[in-house]
Amino acid sequence: MSSGVPSWIQQAIGGGEVPHAPTLAKVADEKALARSGFALASDAFRHGGELDPSFTAIEDDAVAPPLEWTAPPPGTQELVLVAEDIDTGQVHWTVWGLPGQKGKLLEGEVPPRTGKNAHGNSEWLLPDPPLGEEHRYLFQLFAVDLPLTLMPGATHEELVRNLDGHVTAAAVL
């Protein structure tokens, strides 16, 4: 692939070529994807589907979408969520400190710990592609084998460094 994104990630995401390597490509391997049936879902949209305007910059009072996941593999200490625009490489949300068990984030819920998005804020960065452009957003959930010691407001790069070598399973939506 010309983008350098592994084919297993291209297949997991679907919808054509992925021009920017998501966090998944940096911290996990193919064996981690959906390990032990680990899966991520949302009542608000399907894999490859459009985000409702209530989760984008189109709406004045937009919030983060609801997400739900199955139980991660045994030994998981914590879950980490990263949402990215895979067409631009922009990070929209980094979340960690989620319990290593089956769970969910409700629509608009404030997670335990968040890091900086592409605009330097520690919140859900509302998708706002240029008029007439369609962008794809990838939600990635990682099961890790140790609790992260990152402070709230950490950068995506700091998060990636802390995840390296500790991801035991991953799920994408």
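Modeller: Two strands pair if DSSP finds at least two bridges between them. Strands (E, at least two residues) and helices (H or I, at least four) are DSSP runs, numbered from the N terminus. This is a predicted model, in which local features need pLDDT of at least 70 and side-chain atom pairs count only at pLDDT 80 or more, while totals for chains, interfaces and linings use all residues. Residues are numbered from 1 along each chain as its sequence is written, and side-chain values use heavy atoms, leaving out hydrogens and water.

Colleague: Happy to start there! Over how many bridges do strand 3 and strand 7 pair?

Modeller: Strand 7 is also joined to strand 8, by five antiparallel bridges, and there F142 stands opposite A170. On the strand 3 side, E84 has L138 as its bridge partner. Strand 3 and strand 7 are antiparallel too, and their bridges number eight.

Colleague: Are the residues on the two faces of strand 7 buried or exposed?

Modeller: Buried means under 20% relative accessible area, exposed over 50%, and partly exposed in between (1.4 Å probe, protein chains only). One side carries Y137, F139, L141 and A143, and the other L138, Q140, F142 and V144. Every one of these is buried.

Colleague: Which element gives the most to the largest nonpolar core?

Modeller: A nonpolar core is a set of buried Ala, Val, Leu, Ile, Met, Phe, Trp, Tyr and Cys residues joined through side-chain atoms within 4.5 Å. The largest one here has 26 residues, with L24, V80, F142, L159 and L163 having the most contacts inside it. Elements giving two or more residues include strand 3 (78-85), strand 7 (137-144) and helix 3 (156-163). The top contributor, with four residues, is helix 1.

Colleague: Is H156 buried or exposed?

Modeller: H156 lies in helix 3. Beyond residues up to four places away in sequence, H156 touches T23, K26, V82, E84, V91, T94 and K116 (contact means heavy atoms within 4.5 Å). Because its relative accessibility is 9%, H156 counts as buried.

Colleague: Is the pair of W124 and F139 stacked or edge-to-face?

Modeller: Rings of Phe, Tyr and Trp (its six-membered ring) pair if their centres lie within 6.5 Å; planes under 30 degrees apart count as stacked, over 60 as edge-to-face and the rest as tilted. W93 and W124 are edge-to-face, at 5.6 Å centre to centre and 65° between the planes. For W124 and F139, the centres are 5.7 Å apart and the planes at 25°, so the pair is stacked.
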